[in-house]
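Here is a walk through one protein model. Keep the sequence and the 3D view side by side as you read.

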Amino acid sequence: MAKYAKVDKETCIACGACGDAAPDIFEYDDDGVAMVVYGGDENRGVTPIDASLEAELQDAADSCPSGSILVSDAPFA
Ligand code: SF4
């Protein structure tokens, strides 16, 4: 089943771990705060992330020191 993801930009501490773990899913804004860019999502959490990237996504979520990566089986909006 596809997953959906978004970053809580209020709690992200701009550590850079998620982009290393899952470069196809995460990028950073000018302040280094992460966002989901996969499929043009623009951190809305509404784009289904392909199952082939699920391990990367989970690695990123597990490596986030602030618990800012939100993952769900359903779209966020
Ligand atoms: Fe932000 Fe977490 Fe990504 Fe670090 S791993 S940049 S704290 S979302």
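The paragraphs below go from the cavity and its cysteines to a few loop residues and then to a helix.

This is a predicted model. Begin with its empty space. Rolling a probe the size of a water molecule over the atoms shows where empty space is left. How many cavities of 30 Å³ or more does a search of the whole structure find? The search finds one. About 90 Å³ of space lies in this largest cavity. Its lining is made of 16 residues, and the closest to the centre are C12, C15, C18, A34 and C64. By type, the lining divides into 12 nonpolar residues, four polar residues and no charged ones.

Cysteines stand out in that list of central residues. A disulfide is a covalent bond between the sulfur atoms of two cysteines. How many disulfides does the structure hold? It holds zero. For a pair to count, the two cysteine sulfur atoms must lie within 2.5 Å.

Now compare how these cysteines meet the surface. Is C64 buried or exposed? C64 is buried, because its relative accessible area is 18% and the limit for buried is under 20%. C12 is buried too, with a value of 17%. C15 is partly exposed, because its relative accessibility is 45% and that class runs between the 20% and 50% limits.

Stay with C12. Its place is the loop between β1 (4-7) and α1 (17-21). Setting aside neighbours within four places in sequence, C12 is in contact with V7, V33, A34, S66 and S68. One of these, A34, is also among the residues closest to the cavity centre. For a sense of distance, take L53, which is 41 residues from C12 along the chain. The C-alpha atoms of C12 and L53 are separated by 21 Å.

A14 sits in the loop between β1 and α1 as well. Look at its backbone. Phi of A14 is near 55°, a positive value in a residue other than glycine. A14 is partly exposed, with a relative accessible area of 34%.

Next, follow the contact from C12 to S68. S68 lies in the loop between α2 and β4 (69-72). Is S68 buried or exposed? S68 is buried, since its relative accessibility is 1%. Which side chains make polar contacts with that of S68? The side chain of T11 does so at 2.7 Å, and the side chain of S66 does so at 2.6 Å. Beyond its sequence neighbours within four places, S68 is in contact with K6, V7, D8, T11 and C12. V7 is thus in contact with S68 and also with C12.

Turn to another loop, the one between β3 (34-36) and α2 (54-63), where T47 is found. D41 lies in the loop between β3 and α2 too. The two residues are linked: a polar contact of 2.7 Å joins the side chains of D41 and T47. D41 is buried, with a relative accessible area of 1%. T47 is buried as well, at 15%.

D41 has another polar partner. A polar atom of its side chain lies 2.6 Å from the backbone nitrogen of G45. Not counting residues up to four places away in sequence, D41 touches A5, V36, V46 and T47. With the sequence neighbours within four places left aside, T47 is in contact with K3, Y4, Y38, G39 and D41. Against this, consider D41 and A74, which are 33 residues apart along the chain. Their C-alpha atoms are separated by 14 Å.

E42 shares the loop between β3 and α2. Is E42 buried or exposed? E42 is exposed, because its relative accessible area is 64% and exposed means over 50%. What is phi of E42 near? The angle is near 55°, a positive value in a residue other than glycine.

End on helix α2, where D59 is found. D59 is partly exposed, with a relative accessible area of 45%. D59 and D29 are 30 residues apart along the chain, and their C-alpha atoms are separated by 21 Å.

Definitions and conventions:
Residues numbered from 1 in each chain as written. Predicted model: local features only at pLDDT ≥ 70, side-chain atom pairs only at ≥ 80, totals over all residues. Heavy atoms only, no water. Buried < 20%, exposed > 50% of the residue type's maximum accessible area, 1.4 Å probe, protein only. 1 Å grid on protein atoms, 1.4 Å probe; cavity = no way out; pocket = protein on both sides within 12 Å on 5 of 7 lines; lining within 4 Å. Points joined across faces, edges and corners; volume = space filled by probe spheres on them. Nonpolar A, V, L, I, M, F, W, Y, C, P; charged D, E, K, R; others polar. Helix = DSSP H or I, 4+ residues; strand = E, 2+ residues; numbered from the N terminus. Contact = heavy atoms within 4.5 Å. Polar contact = N/O pair within 3.5 Å; in protein donor to acceptor, adjacent residues only side chain to side chain.
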